[in-house]
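Subject: Structure for you to look at

Hello,

Please find the structure below. My notes on what was found in it follow.

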Amino acid sequence: MSNTLNRPIRVLVAKVGLDGHDRGAKVIATSLRDAGMEVIYTGLRQTPEMVVNTALQEDVDAIGISILSGAHMTVFPKIVELMKQKKVTDVLLTGGGIIPEEDMKKLKGIGVGELFAPGTTMESIVNYIENWVAENRNF
């Protein structure tokens, strides 16, 4: 699906909490840039508040959270709550890492987009973001 924004898709990639493993997040950020997206990478040890505030300041189309620490059932609901409080209703919240399938289903139930496990192809992640943006951010 083609980008209908007349500008590059803007994606915020973040690591939340004390999770110090950022290699995957950097690979994702680079791959999204290679696909023509504009990527803002926040680095390590972000809070949910910092992520949502940066998303607002940078006017992003999508937020991608990389999480390997096991805190996904705390981090994602907090970000969803903050996005609702700040009326960020047209930005995709997605992510990936070590997240059990059952937890992925619960997170999708509260409004989190597709979550990607290790081994997911970059093409499928890029396609998902492009398709979501085309369907939800075509203004």
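In which loop does Arg-45 lie? Arg-45 is in the loop between S2 and helix H2 (48-58). Please keep in mind that this is a predicted model.

I asked about Arg-45 for its backbone. Its phi is near 60°, a positive value in a residue that is not glycine. Most residues other than glycine have a negative phi. Lys-87 is another such case, with a positive phi near 60° in a residue other than glycine. Lys-87 is found in the loop between H3 and S4.

Annotation

UniProt has an unreviewed entry that places the feature "domain: B12-binding" at residues 8-136. Over residues 8-136, helix makes up 47% of the chain and strand 19%. The C-alpha atoms at the two ends of this stretch are 15 Å apart.

The sheet

Five strands form an open sheet, and their pairing is parallel. The order across the sheet is S2-S1-S3-S4-S5. Strand S2 (38-41) and strand S5 (115-116) are the edge strands, each pairing on one side only. S2 pairs with S1 in the parallel sense, over four bridges. Within this part of the sheet, Arg-10 stands opposite Glu-38 in S2. As for the helices, H5 lies across S1, S3, S4 and S5. The angle at which H5 runs to S4 is about 170°.

The largest pocket

The volume of the largest pocket is about 430 Å³. Its lining consists of 23 residues, and those nearest the centre are Gly-24, Ile-28, Gly-96, Phe-116 and Ile-125. Two or more lining residues come from each of strand S1 (10-15), helix H1 (23-34), strand S3 (62-67), strand S4 (92-97) and helix H5 (122-136). Which of these elements gives the most to the lining of the largest pocket? That is H1, with five residues. By residue type, the lining of the largest pocket has 14 nonpolar residues, nine polar and no charged.

The second largest pocket

The second largest pocket holds about 180 Å³ of space. It is lined by 13 residues, and Met-83, Val-88, Thr-89, Val-91 and Gly-111 are the closest to its centre. Helix H3 (72-85) and S4 each supply at least two residues of this lining. H3 gives the most, with three residues. The lining of the second largest pocket divides into nine nonpolar residues, three polar and one charged.

Where to look

S4 is a convenient place to begin, as several of the points above meet there. S4 gives two or more residues to the lining of the largest pocket, and at least two to that of the second largest pocket. In the sheet order, S4 sits between S3 and S5, and H5 runs at about 170° to S4. The loop between H3 and S4 is also where Lys-87 has its place.

Regards

Definitions and conventions: Residues are numbered from 1 along each chain as its sequence is written. This is a predicted model: local features need pLDDT of at least 70, side-chain atom pairs count only at pLDDT 80 or more; totals for chains, interfaces and linings use all residues. Side-chain values use heavy atoms; hydrogens and water are left out. UniProt positions are given in the numbering used here, feature names are shortened, and annotations may be inferred rather than shown by experiment. On a 1 Å grid over the protein atoms alone, a cavity is a set of points where a 1.4 Å probe fits but cannot get out, and a pocket is an open set with protein on both sides within 12 Å along at least five of seven lines; lining residues have an atom within 4 Å of a point. Grid points are joined across faces, edges and corners, and a volume is the space filled by probe spheres set on the points. Ala, Val, Leu, Ile, Met, Phe, Trp, Tyr, Cys and Pro count as nonpolar, Asp, Glu, Lys and Arg as charged, and the others, Gly among them, as polar. Two strands pair if DSSP finds at least two bridges between them. Contact means heavy atoms within 4.5 Å. Axes are lines fitted to C-alpha atoms, for helices over the stretch in contact, and angles run from 0 to 180 degrees between N-to-C directions.
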